[in-house]
Amino acid sequence: KPKGIVFFCGTNDLTALKTPEKVFGDFKVFFDAVKTFLPTTKVFVIGIKPSVARHYLRQKELSFNKLISDLSEQEDNLLFIDVWEEMLSGDGEANPYLFAEDGLHMNEEGYKIWSKKIKPLLIKHFLP
């Protein structure tokens, strides 16, 4: 019975040609199961990140993030962690310095951004 679940999903589903609405529907199945079977468990969803390799999915990624963000405003045990802006360079594109050579997977610098966003939330919700 976890107190919290940190969840990242969506990019591979969008790459597999699912719509943002379909991916959101799949997430809702998961989240509804958590609400039913683990009603006190908080779910922290990390929003889809911009990436160099999947720039072509940008609008779909932002649409999915908005769906999750909107749902988090209605659900007490759902928290949306938006990493999008922090992962952009000055020109508004995905910052290549945050990614491995493939332009998709994050390097240590990318994970530092995630840690700065996630750790304070976990401390706030789980430490006395």
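**View 1. The largest pocket in this predicted model has a volume of about 160 Å³.** Looking around its walls, you'll meet Phe-8, Cys-9, Gly-10, Thr-11 and Asn-12, then Lys-49 and Arg-54, and finally Leu-104, His-105, Met-106, Tyr-111 and Trp-114. Sorted by character, that lining comes out as 6 nonpolar, 4 polar and 2 charged residues. Two helices chip in with at least two lining residues each: α1 and α4, the latter spanning 108-126.

**View 2. The largest cavity holds about 40 Å³ of space.** If you go hunting for cavities of 30 Å³ or more, the count is 1. The residues around the largest cavity are Pro-50, Ser-51, Arg-54, His-55, Arg-58, Glu-61, Trp-84 and Ala-94. Here the split is 3 nonpolar, 2 polar and 3 charged. Arg-54 is worth picking out, since it turns up in the lining of the largest cavity and also in that of the largest pocket.

**View 3. A salt bridge joins Glu-93 to Arg-58, with the closest N and O atoms 3.6 Å apart.** This one ties together distant parts of the chain, as the partners are 35 residues apart: Glu-93 sits in the loop between β3 (78-81) and α4, while Arg-58 belongs to helix α3 (residues 58-72). Arg-58 is also one of the residues lining the largest cavity. Are the two partners buried or exposed? Glu-93 counts as partly exposed because its relative accessibility is 32%. Arg-58, at 17%, falls under the 20% cut-off, so it counts as buried.

**View 4. Asp-13, Lys-18, Lys-22 and Asp-26 are linked in a network of salt bridges.** Zoom in on Lys-18 and you'll find it bridging to Asp-13, with the closest N and O atoms 3.9 Å apart. Lys-18 pairs with Asp-26 as well, and there the closest N and O atoms are 2.9 Å apart. How exposed are these residues? Lys-18 has a relative accessible area of 29%, so it is partly exposed. Asp-13 is partly exposed too, at 26% relative accessibility, and Asp-26 gets that label at 29%. For the whole structure, the tally is 10 salt bridges.

**View 5. Leu-14 sits in helix α1, which covers residues 11-15.** Its relative accessibility is just 1%, so Leu-14 counts as buried. Which residues does Leu-14 touch, leaving aside neighbours within four places in sequence? They are Thr-19, Pro-20, Val-23, Ile-48, Leu-57, Lys-60 and Glu-61. Glu-61 shows up in the lining of the largest cavity, too. Val-34 is another story: it is 20 residues from Leu-14 in sequence, and their C-alpha atoms are 23 Å apart in space.

**View 6. Leu-17 has a positive phi of about 75°, although it isn't a glycine.** Why give that angle its own panel? Because most residues other than glycine have a negative phi. Leu-17 is found in the loop between α1 and α2 (20-37). At 72% relative accessibility, over the 50% cut-off, Leu-17 counts as exposed.

**View 7. Phe-7, Phe-27, Phe-30 and Phe-31 form one aromatic cluster.** Across the structure there are 7 aromatic pairs.

Note on methods
Residues numbered from 1 in each chain as written. Predicted model: local features only at pLDDT ≥ 70, side-chain atom pairs only at ≥ 80, totals over all residues. Heavy atoms only, no water. 1 Å grid on protein atoms, 1.4 Å probe; cavity = no way out; pocket = protein on both sides within 12 Å on 5 of 7 lines; lining within 4 Å. Points joined across faces, edges and corners; volume = space filled by probe spheres on them. Nonpolar A, V, L, I, M, F, W, Y, C, P; charged D, E, K, R; others polar. Helix = DSSP H or I, 4+ residues; strand = E, 2+ residues; numbered from the N terminus. Buried < 20%, exposed > 50% of the residue type's maximum accessible area, 1.4 Å probe, protein only. Contact = heavy atoms within 4.5 Å. Phe/Tyr/Trp six-rings, centres within 6.5 Å; stacked < 30°, edge-to-face > 60°. Salt bridge = Lys/Arg side-chain N within 4 Å of Asp/Glu carboxyl O.
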